[in-house]
Each structure stands twice: as C-alpha cells, then as structure tokens.
Amino acid sequence: MLYPAGWNSRRVHLICGDKAEPFSPNDCTLGLAFYLAIGSTLVTFLCSVLSVQAEVSTSTDKVQDEILEGKTLICLI
C-alpha cells in the first residue's frame with residue numbers, strides 16, 4: 001500500500017524522469033528486492049501451513065507416549 005507513496009518526491013523525478021507518477025514509473029523499474037520480498041512472504045506462509053500439519057501429526061496420544069519414552073520423531077509429509 002505504501003509503494004506509490006514516494007513517487008511524487010523530487011528524488012524520484014530526478015532519477016525516473018519528470019513524468020513519473022505513482023502507478024506510471026516512467027523510466028524506472030521494480031528492483032529485485034521487491035520481487036524477493038513478495039517471494040519470501042509467500043514462502044513464509046507456506047512454511048506456516050506445513051508446520052501446522054507437523055503439529056497435528058505429533059499431537060496424538062500414541063506419539064506423545066513415544067516422546068515420553070525417549071524416542072526421537074522425524075516428521076515427513
């Protein structure tokens with residue numbers, strides 16, 4: 001939501017050209033950091049979804065008893 005907020009600044013007009021506007025960046029392009037931020041957000045969401053499945057698989061009574069006996073669990077999905 002903050003992406004277009006800085007496009008009216010003087011520095012942006014010097015770098016990108018005088019016709020740079022919030023949703024029309026003129027000569028500028030989005031950098032690698034923008035795409036990496038989107039990708040890392042998606043990967044973080046995916047990891048949280050996978051961790052829920054791992055938690056469900058280790059929360060049964062049988063698994064809890066094995067943990068108390070000292071067995072080491074490896075979760076594979």
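A contact here means heavy atoms within 4.5 Å. With that in mind, welcome to this predicted model. Of the contacts in the protein chain with a separation of 6 or more, 9% are between residues 24 or more positions apart.

The overall layout comes next. The protein chain holds 3 helices and 0 strands, and its pattern along the sequence reads α-α-α. Here are some values for the whole chain:

| Property of the protein chain | Value |
|---|---|
| Share of its 77 residues that count as buried | 12% |
| Exposed area | about 6700 Å² |
| Share of the exposed area supplied by carbon and sulfur atoms | 64% |

Now for one stretch in particular. An unreviewed UniProt entry places the feature "transmembrane region" at residues 32–52. In the model, that span is 100% helix and 0% strand, and its end C-alpha atoms lie 31 Å apart. Helix α2 covers residues 32–57, and Tyr35 lies in this helix.

Tyr35 also helps to form a nonpolar surface patch of about 470 Å², together with Leu30, Phe34, Ile38 and Leu42. Phe34, another member of this patch, has a relative accessibility of 33%. Buried means under 20% and exposed means over 50%, with partly exposed in between, so Phe34 counts as partly exposed.

The structure holds 1 aromatic pair. The ring centres of Phe34 and Tyr35 are 5.6 Å apart and their planes stand at 80°, so this pair is edge-to-face. Planes over 60 degrees apart count as edge-to-face.

Methods
Residues are numbered from 1 along each chain as its sequence is written. This is a predicted model: local features need pLDDT of at least 70, side-chain atom pairs count only at pLDDT 80 or more; totals for chains, interfaces and linings use all residues. Side-chain values use heavy atoms; hydrogens and water are left out. UniProt positions are given in the numbering used here, feature names are shortened, and annotations may be inferred rather than shown by experiment. Helices (H or I, at least four residues) and strands (E, at least two) are DSSP runs, numbered from the N terminus. Patches are made of residues with over 30% relative accessible area and no salt bridge: like charges are joined within 9 Å, nonpolar side chains (Val, Leu, Ile, Met, Phe, Trp, Tyr) within 5 Å. Accessible areas come from the Shrake-Rupley method with a 1.4 Å probe; for residues, only the protein chains shown count as cover. A salt bridge is a side-chain nitrogen of Lys or Arg within 4 Å of a carboxyl oxygen of Asp or Glu. Rings of Phe, Tyr and Trp (its six-membered ring) pair if their centres lie within 6.5 Å; planes under 30 degrees apart count as stacked, over 60 as edge-to-face and the rest as tilted. Buried means under 20% relative accessible area, exposed over 50%, partly exposed in between (1.4 Å probe, protein chains only).
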